[in-house]
Amino acid sequence: MNWKIQVVVIAEDGSQETREIHSIERKDLKPETLGLTLAEGKAILKDIQQIVVQQQVSSGLAPCRDCPGCGKSRRGKGYHDLSLRTVFGHLRVKSPRLHHCGCGSHKTSTFSPLAELLPDHTTPELLFLETKWASLMSYGMTAKLLEDVLPMDDPLNAFTIRRHVCDVAERLERELGKEQDCFIEGCQRDWAKLPAPDGPLTVGIDGGYVRGHRKQGQFEVIAGKSILAFKREREEKPELSGRCFAFVQTYDEKPKRRLFELLQAHGLQPNQQVAFLSDGGEDVRSVQLYLHPDAEHLLDWFHVTMRLTVLKQIAKGLPAKVGEGEDEYELRSRVLKDLESLKWYLWHGNVFQAVKKLQGLEMDLDGAAFETRDEAARKLLKGAEELHTYVERNQAFIPNYGERYRNGERIASGFVESAVNQVISKRMVKHQQMGWSQRGAHLLLQIRTRVLDEQWEATFRGWYPTFRPKIQAEVKTAA
């Protein structure tokens with residue numbers, strides 16, 4: 001059995017032209033001969049693409065032959081091949097070069113109308129696929145994936161894909177607004193007149209480290225996630241309640257603007273409740289300040305209890321008793337009891353008593369370390385001093401965690417830990433041998449976060465209005 005595939009081109013004047021592009025022959029039915037093979041599908045799609053592009057170019061260039069000012073026909077100056085990279089093949093089309101008409105003044109004597117109509121030699125559809133998959137896997141794997149499923153004559157270059165990723169991300173960066181020290185505007189009287197906002201918004205911020213290339217060591221990447229509790233107006237297709245963001249701290253010049261735009265994407269209002277959770281680092285804290293009038297800046301309970309857990313593990317290695325004779329006293333049990341009391345004070349937001357407890361603990365450990373020369377005591381003393389400094393620096397951001405927990409409010413940024421793993425680790429750290437530049441990592445993260453938030457297609461649709469148009473389903477309601 002033989003099948004012939006033809007394309008019928010119908011011009012605007014009604015004339016038709018039929019072109020045969022491929023033929024398929026099958027003699028018997030086997031699993032490997034059932035239907036079209038991948039190679040046949042690629043060849044058919046590429047031939048159809050070639051015909052469609054040629055017809056579009058011919059009809060699109062027809063109006064350019066005449067001068068719009070006087071209507072005279074422009075003289076030609078030959079042709080050159082214009083390279084176009086599409087999802088269905090790398091095509092070359094003839095691009096005419098025309099002389100400008102003498103009825104007006106022009107910077108050049110000739111011009112290429114096709115080059116002006118198609119300034120980018122890569123179609124948005126292919127650019128979308130390259131950037132999307134490059135944000136999810138390595139550049140080399142992205143090139144292999146697209147080569148397997150798309151009709152590509154020439155092998156894709158991982159360097160070309162990386163360049164396209166950087167170019168598209170740079171476009172995102174140019175569209176980002178200017179950086180400001182403070183984003184709070186208006187007054188309390190105006191905020192009170194606003195309608196009821198959506199549910200509370202919780203923003204968690206944390207950091208991770210990425211290996212730099214060429215022996216540059218590691219650099220920090222700040223990542224986070226925002227979670228909206230609920231929306232007052234129901235949507236036909238609810239969006240993801242959580243959105244991610246990330247940036248390289250030492251490279252990004254607009255960290256506050258980036259976080260503010262994320263909040264705005266949730267429909268943020270000045271009278272809406274917002275809580276920022278962080279590990280207490282100064283670099284992270286400076287990003288979230290002065291973004292919202294009703295914001296709460298809280299120290300993440302996860303990082304507090306993590307430090308206490310480490311101290312408890314060290315305390316288990318202390319000597320049970322210290323001293324001799326009448327001066328002998330319990331050390332290990334006493335220290336463990338003090339650490340439990342310290343945790344209780346911090347859980348209830350009693351920073352004053354927590355600091356006093358730390359001071360007493362330091363005195364006990366200092367004496368024990370001097371008497372016994374015990375390594376665990378010295379190590380625990382150093383950890384207690386660091387925790388003391390940590391609590392004092394963040395005392396303004398330590399709430400009553402127990403009260404917040406009983407009221408169903410977030411006290412820990414466990415959701416941020418998963419976001420850091422999803423945004424940074426899976427692409428740049430775990431089982432990845434690549435070293436990163438700060439610029440390359442930062443630009444890739446801007447695309448990766450939008451892909452993970454399912455916003456990448458909407459971003460391309462904003463740049464190219466006819467890109468993958470949404471199909472509006474007609475809902476027929478019975479009378």
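Two strands count as paired here if DSSP finds at least two bridges between them. Keep that in mind for the close-ups below, which come from a predicted model.

**View 1. Strands E3 and E4 run side by side in the antiparallel sense.** Nine bridges link E3 with strand E4, which covers residues 89–99. For a landmark, look for Leu84, which sits opposite Leu91 in E4.

**View 2. Zooming out, E3 and E4 belong to an open sheet of three strands.** The order is E3-E4-E5, and the pairing is antiparallel. E3 and strand E5 (110–111) are the edge strands, each with a single partner strand, so one side of each has no neighbour in the sheet.

**View 3. Helix H5 spans residues 158–175.** Its 18 residues reach 26 Å from the first C-alpha to the last, close to the 26 Å expected at 1.5 Å a residue. Right at the start of H5, a side-chain oxygen of Asn157 comes to within 2.7 Å of the backbone nitrogen of Phe159.

**View 4. Here's the buried side of the story for H5.** Among the buried residues are Ile161, His164, Cys166, Leu172 and Glu173. What covers the buried residues of H5 includes strand E3 (76–86), along with helices H3 (124–136), H4 (139–149) and H7 (255–265). Helices H15 (438–452) and H16 (456–463) are also part of that cover.

**View 5. Strands E9 and E10 pair in the parallel sense.** Five bridges join E9 (residues 274–278) to E10 (residues 295–299). Leu277 stands across from Leu298 in E10. Between the two strands the chain passes through helix H8 (residues 282–288), making a right-handed β-α-β crossover.

How values were computed
Residues numbered from 1 in each chain as written. Predicted model: local features only at pLDDT ≥ 70, side-chain atom pairs only at ≥ 80, totals over all residues. Heavy atoms only, no water. Helix = DSSP H or I, 4+ residues; strand = E, 2+ residues; numbered from the N terminus. Expected span 1.5 Å × (residues − 1). Buried < 20%, exposed > 50% of the residue type's maximum accessible area, 1.4 Å probe, protein only. Contact = heavy atoms within 4.5 Å. Polar contact = N/O pair within 3.5 Å; in protein donor to acceptor, adjacent residues only side chain to side chain. Right-handed = clockwise from strand over helix to strand, strands pointing away.
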